[in-house]
Amino acid sequence: MPELLLRPDQAFDLDLTLSCGQVFRWERQGDWWRGVAGTHRVSVRQEGRLLTWNGASRRWLAGYFRLDEDLPAILRDIDRDPVVHEAIQKCRGLRLVRQPAWECLGSYICATYASIPVIKRRIALLCQCFGEQADQEGETFRTFPSLQALADADACRITECRLGYRAPYLHETARALVEDPGWEERIRSLPYGEARKELLRLKGVGDKVVDCVLLFAFGMYEAFPVDVWIQRILRERYPGGAGLRTYNQMARFGRAHFGEYAGYAQEYLYCNRAGITGRERGRYVPESQDER
DNA sequence: CACCAGGATGTTT
DNA sequence: AAACATCATGGT
């Protein structure tokens, strides 16, 4: 089984990276994480600086976990206030995952206004129904559904995956993109603002989903996704944050405050959201209620 | 039972 | 442009 020894300066925490809610098809099983990404069924484990895995090449693994980028330098750059400083201390080693574009976009259309465990089950159902069956070392798995598979799918069969009102969004977007091969390369070639406008035309893709996709799949670090948690953190813990009203005000604040790696700052703040490392498991407990 | 979740859409001001 | 209702589902 292949192994990779991280350099001492190559900060990486596999647990934080896979459990923080950026990807939905990984499960922890004992010491191992098992998941499907792209066409790969991967098992991976970390013991200190040692990564052991199978199911993908070394090049693929390093690319997926962005092991090539200088995380300590990014963290020094975004370490600009006490709130993000705390998040960096608690979540050091968290890396953004480099996700396949459609897999990321389709997943986040399914992820709107739902909790992470629910999202994971929905996506598992969707892959079970419409994913392509693949096989690795005797065990079978299913990839994330292709654009074609979802475009061809019966609308009501997508609804059976418990997607609710998101089902027609996913269907329409798949039909639009399957007629537009080259969408991915076009988006990749555009600057952030232009790429954003293009993707916003897709059904089920709003301000937050588009920023997740540009950040997680296209590596545009100026994207600063604002969900309910980030909104709370900005409004309750940042000076002047209470005055931020619209999505764009909060996203611009993030970019102005954190700079070119704002998206990384966002992910650290999200990872350190209320109680996620403690017993609250992500449930929101207002500041004022548990003071004494 | 009420309320919330990695929100988007369509309508009304 | 900003505020608002509505949407489907499952967990707490």
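A good place to start is V209, where a backbone N or O atom lies 2.7 Å from a phosphate oxygen of DNA strand B. Keep in mind as you look around that this is a predicted model. From that contact, the tour below moves along the surface near DNA strand B, then to a pair of packed helices, and ends at a sheet.

**Backbone contacts to the DNA phosphates**

- V209 has company: K208 also places a backbone N or O atom 3.2 Å from a phosphate oxygen of DNA strand B.
- G206 takes part too, with a polar backbone atom 3.2 Å from a phosphate oxygen of the strand.
- Helix 12 (207–216), helix 13 (228–237) and helix 15 (262–271) are the elements that give two or more residues to the surface near DNA strand B.

**The wider surface around DNA strand B**

- In total, 28 residues surround DNA strand B, and those that come nearest are G21, I116, R232, Q266 and E267.
- By residue class, this surface near the strand holds 15 nonpolar, 7 polar and 6 charged residues.
- Seen from the DNA side, 58% of the strand B atoms within 4 Å of the protein belong to sugar or phosphate, and the rest belong to bases.

**Helix 3 against helix 15**

- Helix 15 is worth a second look, as helix 3 (residues 71–78) packs on it at an angle of about 85 degrees, with the two axes 10 Å apart.
- Since angles of 65 to 115 degrees count as roughly perpendicular, helix 3 and helix 15 are therefore roughly perpendicular to each other.
- On the helix 3 side the contact is made by L71, I74, L75 and I78, which meet Y264, A265 and Y268 of helix 15.
- The residues of this contact divide into 7 nonpolar, no polar and no charged.

**The five-stranded sheet**

- Elsewhere in the model, 5 strands build an open sheet with antiparallel pairing, in the order 1-5-4-3-2.
- Strand 1 (3–5) and strand 2 (26–29) stand at the edges with a single partner strand each, so one side of each has no neighbour in the sheet.
- On average, neighbouring strands here are turned by 25 degrees against each other, direction ignored.
- Inside the sheet, strand 4 (residues 40–47) and strand 5 (residues 50–54) run antiparallel and are joined by 5 bridges.
- To find this pairing in the structure, look for S43, whose bridge partner in strand 5 is N54.

Notes. Residues numbered from 1 in each chain as written. Chains lettered and ligands numbered in written order. Predicted model: local features only at pLDDT ≥ 70, side-chain atom pairs only at ≥ 80, totals over all residues. Heavy atoms only, no water. Near = heavy atom within 4 Å. Polar contact = N/O pair within 3.5 Å; in protein donor to acceptor, adjacent residues only side chain to side chain. Helix = DSSP H or I, 4+ residues; strand = E, 2+ residues; numbered from the N terminus. Nonpolar A, V, L, I, M, F, W, Y, C, P; charged D, E, K, R; others polar. Axes fitted to C-alpha atoms, helices over the stretch in contact; angles between N-to-C directions. Parallel < 35°, antiparallel > 145°, perpendicular 65-115°, else oblique. Contact = heavy atoms within 4.5 Å. Pairing = 2+ DSSP bridges.
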